[in-house]
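User: Hi! Could you walk me through this structure with me looking on?
Analyst: Happy to, let's open it up.

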Amino acid sequence: QDVLRAERGCLVIANHPSLLDYVLLASVMNETDCLVKSALLRNPFVSGVIRAADYLINSEADTLLAASQQRLAQGDTLLIFPEGTRTRVGEAMTLQRGAANIAVRCNSAVRVVVIHCSERMLDKQSNWYNVPPNKPVFTVDVRERINIHDFYDASQHEPALAARQLNRHMQHQLTTG
């Protein structure tokens, strides 16, 4: 928790096993922005909160990089669930490249976080009203802070290639031990 609480000016990427993941992370992170999928703006339960919090919307591509750069430069952390949806139990994880592209193009470090829940609850494949047989225990594993300069040097690399390499590294970090 202390590592996340102290984090400034970087992307925080995490897997997304349940609907509670955002709450678990945002509750300990100061000045956190979140990149949310545009479909959530049509959800009557969360759309007002998203607008009030002034979160970044993934469909606003023309302003997304500039807004991300501004928020990172002012010391905010930007929370992204790079799968684009909740993690599916038993399926291979596939990351969208948006987080890696933001990191490369905004010259931002990335903090990797792996969330584990002991019980299946509020996941992509179950209904919200399914109560697990045992009390769920969440574990938040705060992993390495990736220095973007280990993946990208503008004088030597193409941004798209660097984003693909970074994306593979982030996926490996999210799926290993």
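**Helix α4 and its surroundings**

Analyst: Helix α4 covers residues 61-73, so numbered because helices (H or I, at least four residues) and strands (E, at least two) are DSSP runs counted from the N terminus. The 13 residues of α4 reach 19 Å from first C-alpha to last, close to the 18 Å expected at 1.5 Å a residue, where the expected span is 1.5 Å times one less than the number of residues. This is a predicted model, in which local features need pLDDT of at least 70 and side-chain atom pairs count only at pLDDT 80 or more, while totals for chains, interfaces and linings use all residues. Residues are numbered from 1 along each chain as its sequence is written, and side-chain values use heavy atoms, leaving out hydrogens and water.

User: Thanks! Which residues of α4 are buried?
Analyst: Leu64, Ala67, Ser68, Arg71 and Leu72. Buried means under 20% relative accessible area, exposed over 50%, and partly exposed in between (1.4 Å probe, protein chains only).

User: How do they sit around the axis of α4?
Analyst: Seen down the axis, the buried residues of α4 fall within an arc of 125°, so they line one face of the helix. The arc is that of the directions from the helix axis to the C-beta atoms. On the other side of α4, Asp62, Ala66, Gln70 and Ala73 are exposed.

User: And what do the buried ones pack against?
Analyst: Their partners are the strands β1 (11-14), β2 (32-36), β3 (56-57) and β4 (77-80), plus helix α5 (98-105); contact means heavy atoms within 4.5 Å.

User: What comes just after α4?
Analyst: Glycine 75, with a positive phi of about 95°.

User: Let's move to β4. Where do its side chains point?
Analyst: Thr77 and Leu79 point one way from β4, Leu78 and Ile80 the other, and all are buried.

User: Which way does β4 run against β1?
Analyst: They run parallel, joined by 3 bridges; two strands pair if DSSP finds at least two bridges between them. Leucine 11 has leucine 78 of β4 as its bridge partner. β2 and β4 also pair in the parallel sense, over 3 bridges, and threonine 32 is partnered with threonine 77.

User: New topic: is arginine 145 buried or exposed?
Analyst: Neither quite: at 39% relative accessibility, arginine 145 counts as partly exposed. Arginine 145 lies in strand β6 (residues 138-146).

User: What polar contact does its side chain make with glutamate 7?
Analyst: A side chain to side chain one, at 2.8 Å. A polar contact is a pair of N or O atoms within 3.5 Å; within protein, one must be able to donate a hydrogen and the other to accept it, and residues adjacent in sequence count only if both atoms are side-chain atoms.
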